[in-house]
Amino acid sequence: MHFTHLRKSSGEISIEKVKKLLTVQGVIRHFLKIAISRTASDSGSFVLFNPNTGLLDIEASFGLKHKAKKTKLKVGEGITGWVINSAKSMRIDDVTKDWRYVSIDPRIQSELAVPIEWQSTVIGVLNVDSHQKAHYSLEHEKELEAIAAESAQWLSLAWEFEKLRQQADQLSTLIEIGRTIVSQEDLEKTLEGVVRNAVSFMNANKGKLFLLNPDKTELHLIASCDKDRETMKKEKMTISLSESIFGVVVKKCKPLAIQDIHEESLIHCPELAMEKEMVSFLSVPLVFGSECQGVLALFTAFPHRFSNSQIQLLQTLADLSAVALAKARLLDRIVQTEENLREGERLLSLGLLAAEIAHEIRNPLTVIHMLIHSLKTRIQHDPVSQKDLEVLEKKMIQMNRIVDQVLVLGKATQPSLESLKVEEIIEDVLLLSRHKLAGQKIEVKTSISPSIPKIKAERSQVEQAVLNLILNGAQAMGEGGVLEIIAEIEETETDPYLAIRVKDSGSGMSKGEIEELFVPFLTRKKQGTGLGLAIVQKIMENHRGKVKVSSTLGEGSTFSLLFPLFD
């Protein structure tokens, strides 16, 4: 990604400017201002194609009359529509003589419009206007095309960040709901919280949660949320399963989405007739084990086509509701069969999964924060900055994969093995953590045997394990100290191992503390979760390796990752 126009416009870019450029509106307004300034224009607009409506929306404008900002064009309509349809730039010396021009401001005499492309697809148009005829030259056109290309890259980054922010918020709430399920004994309050969060997540207007009666013939309303009233509604509703479209959801144990409930036959669900102001509808089953316990339904007051990710998210919330319901029933029948005990173990496993994913996502977020901090002091067009951005994009992809796993309640997969150079892994991880270590005045020393072989491992998992140990070492030392990273061969009584050691000069640990290191949730850190080293241990188990710890009080600790060497 290039930063030519950023450098020209602002020299040393501030961290606040970078934060704005990581929002969609911030990117749009920033590059539109640059475009108007570089071409000495009187006005301009940044137009994006809206796939939901099929229209071209003016996302930002400067210098145009107020009514012009509300103009909606179709693809192929006007100069803007022609540019997005042909994917070619247009330079109009006299707009009054061009039959394609749609007048939105009588002061405009000449116009320059260039397509905004991303991955060979035109996503919008960057327009600039002048009150003088024949204002724009070929140089202006080339300059505007370069600005449009750079804005497309930043837009992609901003959209990715926005997606990550939303998913991080969703993940945070999912984890909180999981903790509530473990600690909260009031089933009604737990289910009300699930419905409230479902309405908020999906930007819906209403949400309802129904549970099946013991003979599985009727659905009873347990929790209901009306977004407009901002309160949980207390209402009674009973639906006969045989007379309702909810019966399809319960019978097939699959989600059901309807874009317009008023176009469907309400005979199949007479209760939906009461939702006259609602348009779209989505319902998912509450499944625990192999049985459906009820349904979770959402309504929107506007036509909406629910995406697969939205359906998966609602299904996750429904599954959490089913877990909460199962927990409540288990508490009432604590002395019953072994099957109930297995369901309780599943409850615990779900809580562990959610907490583990939360810890895994924290490191990529830390990396992103570090790189943004780097941009504050150095955003010049140089190889180091380019490498930072490549790492940033790589970690964002990694975080997306982790978030997707928790939304579908996926299980951890086996590592994808490849031949890796240990020195490259250590170099990359130190690149990510350099600002934190420098901020704590920690001196880093590396010692890598020149004849050390490659290892068979998954790069992202090994990087995560080493980064965990480095961050733990930094926490153990506080302000100042020496962190040593050593890579060497360790011979054992059975097979040789390649050892990656992280040694700190911190306060060290007692024997009792060492024995408790890998116990999940057990931590002495104020901000810790007790999962960091448990995850490291799990990564090493996935690679058929192991973790060794040696520590002396007052002298520091050494953590060793031992990878088996393959022929």
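Biologist: Let me start small: which residue in strand 2 does Ser-45 stand opposite?

Modeller: Ser-45 faces Ser-61 there. Keep in mind that this is a predicted model. The two partners belong to a longer match: strand 1 (residues 43-50) and strand 2 (residues 55-62) run antiparallel and are joined by 7 bridges.

Biologist: How do I get from one pair to the whole sheet? What is the strand order of the open sheet of 6 strands?

Modeller: Walk across from one neighbour to the next and you get 3-2-1-6-5-4, with antiparallel pairing. The walk ends at strand 3 (73-74) and strand 4 (90-92), the edge strands, each of which pairs on one side only. Helix 3 (residues 24-38) packs on this sheet, where it touches strand 1, strand 2 and strand 6 (121-130). The direction of helix 3 makes about 65 degrees with that of strand 2.

Biologist: And which strands does helix 4 lie across?

Modeller: Helix 4 (residues 78-86) crosses strand 1, strand 2, strand 3, strand 4, strand 5 (110-118) and strand 6. Relative to strand 6, helix 4 runs at about 145 degrees.

Biologist: Let's try another sheet. In what order do strands 15, 17, 18, 19 and 20 come, and what is their pairing?

Modeller: These 5 strands form an open sheet in the order 15-17-18-20-19, and here the pairing is mixed. Strand 15 (442-448) and strand 19 (546-552) are the edges, pairing on one side only. If you ignore direction, neighbouring strands of this sheet are turned by 15 degrees against each other on average.

Biologist: Can you show me one pair inside it? How many bridges link strand 17 and strand 18?

Modeller: Strand 17 (residues 481-490) and strand 18 (residues 497-504) pair over 8 bridges in the antiparallel sense. For a landmark, find Ile-486, which stands opposite Arg-501 in strand 18. Helix 11 (residues 422-439) packs on the sheet and touches strand 15, strand 17 and strand 18, with its direction at about 180 degrees to that of strand 15. Helix 12 (residues 459-477) also packs on the sheet, touching strand 15, strand 17, strand 18 and strand 20 (556-564). The angle between helix 12 and strand 18 is about 25 degrees.

Biologist: Now a helix by itself. Why do the ends of helix 6 agree with the expected span?

Modeller: Count the residues and use 1.5 Å for each step. The 16 residues of helix 6 (residues 187-202) should span 22 Å, and the end C-alpha atoms are 23 Å apart, so the two agree. Just past this helix, Asn-203 takes a positive phi of about 55 degrees.

Biologist: Which residues of helix 6 are buried?

Modeller: Among them are Leu-191, Val-194, Val-195, Val-199 and Phe-201. Take Val-199 as the worked case: its relative accessibility is 3%, and the cut-off for buried is under 20%, so Val-199 counts as buried.

Biologist: What is Val-199 in contact with, leaving aside its neighbours within four places in sequence?

Modeller: The contacts are Ala-204, Lys-206, Gly-207, Cys-225, Lys-227 and Leu-298. Val-199 and Asp-226 are 27 residues apart in sequence, yet their C-alpha atoms are 8.3 Å apart in space. Asp-226 also turns up in a strand pair: Lys-206 stands opposite Asp-226 in strand 8. Strand 7 (residues 206-212) is joined to strand 8 (residues 218-226) by 7 bridges, running antiparallel. Their hairpin has 5 residues between the strands, and in it Lys-216 takes a positive phi near 60 degrees.

Biologist: Since Cys-225 came up, how should I read the cysteines?

Modeller: A disulfide is a covalent bond between the sulfur atoms of two cysteines. This model has 0 disulfides. Cys-253 shows the reasoning: the nearest cysteine sulfur, that of Cys-292, is 4.6 Å away, and a disulfide needs the sulfurs within 2.5 Å, so Cys-253 is in no disulfide.

Biologist: Are Cys-225 and Cys-253 buried or partly exposed?

Modeller: Cys-225 is buried, at a relative accessible area of 7%, while Cys-253 is partly exposed, at 30%.

Biologist: Last, the chain as a whole: how many helices and strands are there?

Modeller: The chain has 14 helices and 20 strands. Of its 567 residues, 51% count as buried. For contacts with a separation of 6 or more, 66% come from residues 24 or more positions apart.

Conventions. Residues are numbered from 1 along each chain as its sequence is written. This is a predicted model: local features need pLDDT of at least 70, side-chain atom pairs count only at pLDDT 80 or more; totals for chains, interfaces and linings use all residues. Side-chain values use heavy atoms; hydrogens and water are left out. Buried means under 20% relative accessible area, exposed over 50%, partly exposed in between (1.4 Å probe, protein chains only). Helices (H or I, at least four residues) and strands (E, at least two) are DSSP runs, numbered from the N terminus. The expected span of a helix is 1.5 Å times one less than its number of residues. Contact means heavy atoms within 4.5 Å. Two strands pair if DSSP finds at least two bridges between them. Axes are lines fitted to C-alpha atoms, for helices over the stretch in contact, and angles run from 0 to 180 degrees between N-to-C directions.
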